[in-house]
Amino acid sequence: MSQYQAPLNDMKFQLFDVWQVQQHWQQVPALAEQLEPETAEAILQEAAKICEQQIAPLSQQADLIGVKLQDGAVITPEHYQANYRAWCEGGWAGFSGDPEYGGMGMPKVLSMMLDEMMCSADIAFSLYPGLTAGACVTLQQYASDDVKALYLPKLYSGEWSATMCLTESHAGSDLGIMRSKAEPQPDGSYHISGSKIFITAGEHDLTENIIHLVLAKLPDAPAGSRGISLFIVPKFIPDADGNPGQRNALHCGSIEHKMGIHASATCVMNFDGATGYLLGEPHKGLAAMFTMMNYERLAMGSQGLGAAERACQNALAYANDRLQGRITERDANKAEPIIRHPDVQRMLQTIQSLNEAGRSFSTWVALQLDKAKYSGDEKGLQLANLLTPIAKAFMTDLGLECTVQAQQVFGGHGYIKEWGMEQLVRDVRIAQIYEGTNGIQAADFMLRKVAGDKGAVLLSLFAEIEHWLDAANPQHQQLAAYLRRTSVLTQSLLQRAEGDKALLAGYAYEFMTLTGYLLYGYMWLKQVDALERAEVTVETKQQKQQMADFYFKRILPRAEALLLIMQE
């Protein structure tokens, strides 16, 4: 059976020693009044308890039970009811929500840690509150005060949940060709008609109401993506008192039978003239929905990291217990733990070095979002926008790689259901696909983020990192050399693309992956630097240094092949 223990020590190390987030909190009145390191540690410990003790132990059972569609109603595993109530009663559903409407107002650096723990515990369960949190971000930014007052308190409390409804059977990533329609009504509402597929938590039995954020086109809509509007379409239309009232004209037509995340209800949702309400401006719905999509893309990175962390913990425990083969023993009748086998060590060190770099990276990205939100930091916003596609795509690519490596440590037992490793592989696979496939993320990174400003933000980041590096340190200079070569490559690609528009798209994936490996190298140097001021054990310092050495010796050289691929 798969076990899980939240990596609280490393989380605290990343927060308070590597990135010293407490310094930012002290500069923000809204955070300084309620947050200090001790408070944050207590919050993380409480979140760890529910993830470790209540959610994680039943994740395999949830996978076996899955969800069922009966008479239009989706039934989740029975224990999800208790888990969801406990989650909401702890205030976790509104963890990052606006305190004005009942949220806890916690910063992104903490919610990212929460996301990781949830995904380690049970990715399928995490999606129910996760989609709601993303919808709340969109409502907070685009809804009127009256609409916020109606919906946000119920969503933050967990009484209601929310979805985002984008994809149609003929229109996956090409949303401009969607067919869903919105007909204006005399009372200011709209009748929404159309069918959406792959709708996570589109129907379920965990909440008394479900609020759908639906993309559709008005009769006078311009062609393509510029003609998309966003609508609030509740399952039950709130009455005058704000309680669920009349059943709306929408229903779940079917649920998907998937490779993984079996306990997550992935629905086909049919809207048959359902009553909806415009959110934001007409024809500006895609921009509004992408507010939620960007939130979810950061959470996808946490799915990759969360699955890989749980997989690593179980692989390490198995490797210490499993007796197989002889490396140092001379007695032919006495086997040794496979942890002593060099190839098993290689796999475990690969996983751990990538996981801990990923945790540092996600903390860094979240800190940029916090700086933009609480301090109006334009540089933080630019960095967050640049790094979001990497957080989604690179972290989920490595999440699958590491989870498969951990499964490999188990040998044949990793392929057997009872150990829980094959479930982690199946569950994490979707993270590379939904919320925009990783190829689309790479194209977004290369074409919009890098080429969009002619490489200004990326090259400035590289220069800033290089300025921080120590010329006397060999690992620092190894990274500096790669940064300089990648800067030259960036300018070369942009110049070559002037005569070949397909060039950047063709190399987008390799370029994004290359950037990810370089930034992970930076994460490791920041961690080693933080060891000098951190109050951690000698063992932790030695382990961190060993992981940094492994990354620079065995992982960072992957950048060499990527540079060669993209050379002229």
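Helices here are DSSP runs of H or I, at least four residues long, numbered from the N terminus. I note at the start that the model is predicted.

**Entry 1. Helix α12**

I looked up helix α12, which covers residues 421–429. Glu 422 and Arg 426 both lie in it, four residues apart, which is about one turn of the helix. I found their side chains meeting in a salt bridge, with N to O at 2.7 Å. I then checked burial. Glu 422 has 12% relative accessibility and counts as buried, because the cut-off for buried is under 20%. Arg 426 is at 12% as well and counts as buried.

Which other side chain meets Glu 422 in a salt bridge at 3.6 Å? I found Lys 417 there, the distance again being N to O. Lys 417 counts as partly exposed, at 46% relative accessibility. So this salt bridge pairs a partly exposed Lys 417 with a buried Glu 422.

**Entry 2. Lys 154 and Glu 159**

I looked up one more pair. Glu 159 forms a salt bridge with Lys 154, and their closest N and O atoms are 3.4 Å apart. Is Lys 154 buried or exposed? I noted 17% relative accessibility for Lys 154, so it counts as buried. Glu 159, at 35%, counts as partly exposed.

**Entry 3. Arg 359**

I turned to Arg 359 and located it in helix α10, residues 342–375. Its relative accessible area is 1%, so I put Arg 359 down as buried.

What does the side chain of Arg 359 make a polar contact with? I found the side chain of Glu 116, at 2.8 Å. I also listed what Arg 359 is in contact with, leaving aside neighbours within four places in sequence. The list has Pro 7, Asp 10, Met 11 and Gln 14, then Glu 116, and then Leu 305 and Glu 309.

**Entry 4. Salt bridges overall**

How many salt bridges does the structure hold? I have 23 written down. The pairs in Entries 1 and 2 are among them: Glu 422 with Arg 426, Lys 417 with Glu 422, and Lys 154 with Glu 159.

I closed with the side chains around Glu 422, which meets Lys 417 and also Arg 426. Elsewhere, salt bridges that share partners join Asp 10, Glu 116, Glu 309, Glu 356, Arg 359 and Lys 544 into one network.

Definitions and conventions:
Residues numbered from 1 in each chain as written. Predicted model: local features only at pLDDT ≥ 70, side-chain atom pairs only at ≥ 80, totals over all residues. Heavy atoms only, no water. Helix = DSSP H or I, 4+ residues; strand = E, 2+ residues; numbered from the N terminus. Buried < 20%, exposed > 50% of the residue type's maximum accessible area, 1.4 Å probe, protein only. Polar contact = N/O pair within 3.5 Å; in protein donor to acceptor, adjacent residues only side chain to side chain. Contact = heavy atoms within 4.5 Å. Salt bridge = Lys/Arg side-chain N within 4 Å of Asp/Glu carboxyl O.
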